[in-house]
Amino acid sequence: MRKARVTNLLAILGTSVRYFAALTAVLTKLGVANINSDLATFIRTCVILVLVGLIAYATKQFSAIGEISGKTFAFLVLSGLATGASWLCYFRAMSLGQASQVAPIDKLSVVLVAIFSVVLLGEKLSLINWAGIGLITVGVILVSLQNS
């Protein structure tokens, strides 16, 4: 019963994330049209900080902060730095290029996550998984090609 609820929740979250990610690309492109991409990233980050802070407060998750180990905290800080670098690059690319080309290139992160998870986390991927990763790579290249 519990496994079915988790599977259903993953399906809902997975569906939601793709729509939010698509909206993010389009709204980012519109948002960087008339301002510096770094300022746009800062504004976006502030919105996320407030939103997630309110969610953590409302769900009483701030009480657990003192229980975070140093190792976990270090990985979260590194993750935050990587996210910040990613967002700065993404917003700059969006200010320079077309959303329909930048967003697919950004999704090559799916391929890199697969590779990093195998190399760094010891995860195992099947032949069919690797075929999917190859197709994602080819798809990103085809979608991101400039129109002649």
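Helices (H or I, at least four residues) are DSSP runs, numbered from the N terminus, and this numbering identifies the elements discussed below. The model is predicted, so to speak of confidence one uses pLDDT, the predictor's confidence in each residue, from 0 to 100; the protein averages a pLDDT of 89, with 97% of the residues scoring at least 70. Among the elements, α5 has the highest mean pLDDT (95) and α1 the lowest (83). Local features need pLDDT of at least 70 and side-chain atom pairs count only at pLDDT 80 or more, whereas totals for chains, interfaces and linings use all residues. Residues are numbered from 1 along each chain as its sequence is written, and side-chain values use heavy atoms, with hydrogens and water left out.

The largest pocket (on a 1 Å grid over the protein atoms alone, an open set of points where a 1.4 Å probe fits, with protein on both sides within 12 Å along at least five of seven lines) has lining residues with an atom within 4 Å of a point. Its lining comprises 16 residues, and R44, A82, T83, S86 and W87 lie nearest its centre. Helix α3 gives the most to this lining, with eight residues, and the elements giving two or more are α1 (2–31) and α3 (70–96).

Elsewhere, the axes of α5 (residues 109–121) and α6 (residues 127–144) come within 9 Å and cross at roughly 145°, where axes are lines fitted to C-alpha atoms over the stretch in contact and angles run from 0 to 180 degrees between N-to-C directions. V110, V111, A114, I115 and V118 of α5 meet W130, I133, I136 and T137 of α6, contact meaning heavy atoms within 4.5 Å.
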